[in-house]
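This report describes a model with attention to its sheets, its contacts and a few loop residues. The sequence and structure come first, and the description follows.

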Amino acid sequence: MKVAVIQFPGSNCDLDVFHVLRNVLGVEVDLVWHRSFEAEDCDAAVLPGGFSYGDYLRAGIIAAHSPAMRHVKEMAKQGKPIIGICNGFQILIESGLLPGALLRNQGMMFICKWVKLKVETENNPFTKATAKGTILDMPIAHAEGRYVNEPEGLRQLHENDQVVFTYTNTQGNLTEEGNPNGSMDCIAGICNLERNVLGLMPHPERASESILSPFSDNDGLQILRAFTEM
Amino acid sequence: MDTTATIKVNLTPEERKEAYRRLGRDPNETELGMIDIMWSEHCSYKSSREVLRQLPKSGRRVVVGPGYDSGVVDIGDGDVIAFKIESHNHPSAIEPYNGAATGIGGIIRDILCMNCRPIGLLDSLRFGNLDSGHSRWLFHNVVKGIADYGNCTGIPTVAGEVEFDDSFETNCLVNVACFGFGKARDLTLGRMDRPDDVIILAGGATGRDGIHGVTFASRVISEESESDRPAVQIGDPFTKKLVIEATLEALKTGKVRGVKDLGGGGLTCALSEMSSKGGTGVEIDLEEIHVREQGMTPYELLLSESQERMLFTVVPEGQEEISRVFQKWGLPFSTIGRVTGTGRLVARHHGRPVVDIPPRLLTHSPLARRTARKSKKAQDKGATSRYRAPKDLTSILYRILSNPNIASKEVVYRQYDHEVGARTVLKPGDADAAVLRMISSDKAVAIKVDCNSSYCHLDPYHGHAVAVAEAARNVVATGAQPIAITDCCNFGNPENPEVYWQFREAIRGITYMLKGLRIPCVGGNVSFYNEDQKTGRAIKPTTMIVMLGLIEKLSLVTNMSLKKVGESIVVVGRTLPELGGSQYHRIMNVKGGSPPRAVVSREKAATRTVIEAIRKGYVTAAHDCSKGGLAISLAEMAIKGGLGLTVDLKTIPRSPTMRFDEILFSESSARFIVSTSRVQTTKLLSLARKNGTPAARIGEVSRSGYAITSETKRLIECPVELMQDAWRRAIPQAMEMT
């Protein structure tokens with residue numbers, strides 16, 4: 001398994017996810033500059049967080065139209081695993097690999113905080129080892145993470161079991177208080193119909209070592225591990 | 001338009017004479033503009049450098065001391081930390097969003113210059129009281145400017161502090177610090193040592209923005225300052241991120257000999273400082289500079305303070321390799337000249353020589369002789385009116401907790417990405433300082449910026465000595481050994497003898513405490529002229545102290561939250577009747593009084609006790625006891641831990657004649673509160689005895705409820721949830737956000 005972490009100008013969580021994949025999980029991983037990225041060179045790809053192209057126009061949209069994303073789409077078609085974190089999720093949405101839209105947070109502010117995430121399905125390779133209903137600790141850090149979709153789109157997401165993570169309160173209930181950015185149905189992460197492309201706003205790479213967690217856990221690691229074992 | 005014919009020069013007649021004498025002729029308009037910038041207070045430190053000389057600058061960990069873009073200290077294993085703080089007060093007072101944003105931009109480049117990767121930002125802010133609409137506007141936009149810029153660059157904003165006080169109504173303070181991680185063997189310095197090296201200017205295109213920003217910063221704010229808005233630069237954090245990555249990659253090639261950022265004074269400052277340090281000269285062709293606007297004059301090109309620019313000197317054969325790096329990152333660059341051995345700074349414009357001046361003339365301004373006089377007011381400040389002790393101490397506690405100076409700053413730090421970089425172990429709000437781990441080893445650094453403007457106003461000497469001591473205690477409380485500081489002085493107009501006296505006292509106080517604690521100062525920044533012309537009012541003197549601490553093992557990292565019911569609560573250090581400048585006096589509307597005094601021997605004994613106790617594993621939570629006194633420090637530890645406590649004041653080490661309100665709210669220095677298991681309490685107390693500091697067990701952690709008594713007399717009783725509510729909601733409410 002060889003993973004590529006794709007660097008766009010303005011990516012800034014590239015080194016963090018690279019660190020976790022290489023030093024914590026011990027997988028073979030390359031940091032690849034977007035211009036040199038080719039689908040054949042790797043078995044899986046990470047679109048890291050950050051502010052690709054300064055988030056100019058709209059978060060993720062310029063990167064979505066880069067040649068690198070043509071390769072990512074190619075990989076997705078071949079069934080290779082792709083994970084987009086934060087800005088990477090925004091890029092996946094803007095490139096049409098995942099449905100819906102991510103708008104400015106309710107409250108209009110950037111929010112950096114640890115949240116509770118509920119695993120809504122085990123029916124995908126990313127969470128197959130994490131029981132449905134499990135509550136995970138993970139931090140968010142974004143200004144544009146409010147997930148929205150049309151009623152029909154939303155219905156299909158649920159019907160096809162594509163909602164992977166939701167924001168929740170400590171008891172596992174989807175409440176306004178547990179929903180930091182106003183996302184519809186508290187959605188924090190979704191996958192595609194084929195279940196090999198995952199996008200999420202929270203940062204599993206920042207929750208992969210207990211020393212960095214206020215709860216001394218490493219809940220993000222199981223998601224990244226499952227991703228590298230697909 | 002020929003702007004050179006209309007330049008305004010702020011040089012005094014004596015300085016003009018001196019310039020003429022050193023140059024041997026009249027400088028032309030461009031040269032005059034360059035001298036004007038470089039001899040401004042901001043660039044030359046002409047009022048401050050003689051005074052700053054007394055600060056201790058050496059120590060076994062100092063790798064690079066003052067005089068370069070940032071100070072660098074050794075943290076062992078060949079690893080170094082570079083750190084620096086700078087003020088962006090004047091631009092932020094006029095245009096808070098961009099003023100604050102570009103303040104971060106500048107400080108990041110200072111770290112980058114040393115070939116260190118920036119890994120953390122801190123910001124220290126002062127505004128007027130939040131009941132003023134103007135202050136709310138400044139506060140909101142400064143924080144947003146820092147957030148938008150810092151978040152985009154991928155450097156976490158990990159710590160800071162904010163105070164609200166009337167004296168900052170017009171002149172807010174925006175001080176931003178950055179620190180970076182690097183290897184000692186890879187360090188670069190902003191010097192030009194070798195003739196024939198190629199000079200490359202990379203990054204943002206040069207435009208007319210920010211011209212004379214420095215002169216603007218060397219003046220008091222007046223009604224005309226609104227028209228100074230064009231002197232505020234515009235930030236571009238996306239380009240900054242590219243500059244960071246491209247610079248680090250360029251430095252990796254080994255082909256770069258020196259780097260310097262372009263900040264205040266633009267190209268003039270960078271070229272003259274680099275060549276002056278190396279004893280060399282430069283020759284540049286101004287038309288080669290990549291520009292954003294057409295028709296810029298040599299004067300504008302040399303003085304523009306456009307953001308996101310770096311100057312590189314590159315070995316002649318390395319030019320192509322470096323070009324490739326900049327091309328990869330899509331960073332515009334231009335080769336503008338070369339280093340010479342002539343000892344002159346020569347600039348040509350389309351072949352025509354426009355500047356020919358020794359760099360040393362620019363970098364070595366004449367000193368400004370200032371006089372100092374202790375003000376009558378300062379002498380009177382010791383006096384305080386007598387007031388009755390209030391009956392209801394619980395409501396006093398609520399009022400202090402919900403004072404914006406004490407209240408939770410969560411609304412600020414939630415807007416900052418404080419996690420990016422995967423290093424942040426103790427996050428904003430967790431402890432007295434931020435703690436970042438070094439990924440390649442088991443070490444961590446603790447960092448904090450601190451100053452109490454109210455103390456400094458009442459007594460600049462003790463106030464600033466206490467600022468150093470408090471910053472040291474802040475890092476100690478996380479398990480760190482303090483190893484170095486950098487500072488940022490903010491004062492009024494130094495031409496006013498009373499302001500200059502405050503400045504001299506401040507530096508004397510800082511020096512006393514640094515020498516006593518054996519902590520070197522590796523750099524700093526001075527901002528004068530923080531004064532409102534309309535009212536003639538200067539800000540309260542405020543020198544921010546950035547303290548860096550080293551934690552040898554990650555297992556020693558300690559935060560402030562109470563952990564376990566039944567554990568002992570121990571106070572270390574003696575409580576004295578020192579309420580001048582305290583938060584209690586503020587809400588009681590009492591003026592004057594003696595602020596806490598800093599005494600080296602007490603600080604040493606208290607900090608040594610806490611460090612040793614943490615190393616021995618006795619301590620489960622530690623918190624410095626300062627602003628708001630004992631009552632507030634205890635409240636914060638309870639709130640953070642979600643637990644209660646019971647404390648009896650009877651055993652607290654203190655002066656004998658103190659009232660309960662004084663014991664609870666005195667802000668005496670050299671104190672900590674720690675929690676420890678029952679079994680280890682006696683060991684902790686005997687450790688304190690050995691180190692010569694008073695200490696006592698004053699109570700224990702309970703399941704819920706905050707209760708303070710004196711023997712059988714109940715003094716304060718309240719639920720922790722209500723305290724937390726008051727503490728968390730105060731600032732959002734003041735900002736009308738809830």
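Two strands are taken to pair if DSSP finds at least two bridges between them. The model is predicted, and every value below is computed from it.

**The sheet of chain A**

By that criterion, strand E1 (residues 2–7) of chain A pairs with strand E3 (residues 44–47) of chain A in the parallel sense, over three bridges. Within this pair, A:Ala4 stands opposite A:Ala45 of E3(A). Both strands belong to an open sheet of nine strands in chain A, with the order E2-E1-E3-E4-E11-E10-E9-E6-E7 and mixed pairing. At the edges stand strand E2 (28–33) and strand E7 (135–142) of chain A; each has a single partner strand, so one side of each is left without a neighbour in the sheet. From one strand to the next, the twist averages 25 degrees.

A helix packs on this sheet. Helix H3 (residues 67–77) of chain A lies across E1, E3, strand E4 (82–85) and strand E11 (197–200) of chain A, and runs at about 130 degrees to E4(A).

**Loop residues**

Three loop residues are set side by side here.

| Residue | Loop | C-beta neighbours inside 10 Å | Class |
|---|---|---|---|
| A:Asp185 | between strand E9 (163–168) and strand E10 (187–191) of chain A | 17 | partly exposed |
| A:Leu193 | between E10 and E11 of chain A | 13 | partly exposed |
| B:Ala422 | between helix H16 (410–413) and E14 of chain B | 26 | buried |

Most residues other than glycine have a negative phi. A:Asp185 has a positive phi, near 50 degrees, and B:Ala422 also has a positive value, near 55 degrees. Why does B:Ala422 count as buried? A residue is buried if 20 or more other C-beta atoms lie within 10 Å of its own, and B:Ala422 has 26 such neighbours.

A:Leu193 touches A:Asn160 and A:Gln162, leaving aside residues up to four places away in sequence. The C-alpha atoms of A:Leu193 and A:Gln162 are separated by 6.8 Å, although the two residues are 31 residues apart along the chain.

**Contact between the chains**

The contact between chains takes 22 residues from chain A and 24 residues from chain B. On the side of chain B that touches chain A, the elements giving two or more residues are H7, helix H9 (237–252) and strand E14 (424–426) of chain B. By class, this side of chain B has eleven nonpolar, seven polar and six charged residues.

**Domains of chain B**

The domain assignment of chain B gives domain 1 (10–39 + 190–365), domain 2 (48–187 + 422–554) and domain 3 (385–398 + 560–738). The centres of domain 2 and domain 3 of chain B, taken over C-alpha atoms, are separated by 26 Å. In the contact between these two domains, 27 residues of domain 2 of chain B meet 24 residues of domain 3 of chain B.

Which helices supply at least two residues each to the side of domain 2 of chain B that touches domain 3 of chain B? They are helix H7 (133–153), helix H17 (453–458), helix H18 (460–476) and helix H19 (497–517) of chain B. The largest share, ten residues, comes from H18(B). By class, this side of domain 2 of chain B has twelve nonpolar, ten polar and five charged residues.

**The seven-stranded sheet of chain B**

Chain B has an open sheet of seven strands, in the order E23-E25-E22-E26-E24-E27-E28 and with mixed pairing. Its edge strands, strand E23 (619–624) and strand E28 (713–718) of chain B, each pair on one side only. Neighbouring strands of this sheet are turned by 20 degrees against each other on average, direction ignored.

Within it, strand E22 (residues 568–572) and strand E26 (residues 695–702) of chain B pair in the antiparallel sense over five bridges. B:Ser568 has B:Glu700 in E26(B) as its bridge partner. Helix H24 (residues 678–691) of chain B lies across E22, strand E25 (672–676) and E26 of chain B, at about 10 degrees to E22(B).

**A helix pair in chain B**

The axes of helix H22 (residues 629–641) and helix H25 (residues 720–734) of chain B come within 10 Å and cross at roughly 105 degrees, which makes H22(B) roughly perpendicular to H25(B). In their contact, B:Ala635, B:Ala638 and B:Ile639 of H22(B) meet B:Val720, B:Met723, B:Gln724 and B:Trp727 of H25(B). By class, the contact of H22(B) with H25(B) has six nonpolar, one polar and no charged residues.

Notes: Residues are numbered from 1 along each chain as its sequence is written. Chains are lettered from A and ligands numbered from 1 in the order in which they are written. This is a predicted model: local features need pLDDT of at least 70, side-chain atom pairs count only at pLDDT 80 or more; totals for chains, interfaces and linings use all residues. Helices (H or I, at least four residues) and strands (E, at least two) are DSSP runs, numbered from the N terminus. Axes are lines fitted to C-alpha atoms, for helices over the stretch in contact, and angles run from 0 to 180 degrees between N-to-C directions. Two residues are in contact if their C-beta atoms, placed from the backbone, lie within 7 Å. Domain bounds come from an automatic or database domain assignment. Ala, Val, Leu, Ile, Met, Phe, Trp, Tyr, Cys and Pro count as nonpolar, Asp, Glu, Lys and Arg as charged, and the others, Gly among them, as polar. Angles under 35 degrees count as roughly parallel, over 145 as roughly antiparallel, 65 to 115 as roughly perpendicular and the rest as oblique. A residue is buried if 20 or more other C-beta atoms lie within 10 Å of its own, exposed if 12 or fewer, and partly exposed in between; C-beta atoms are placed from the backbone.
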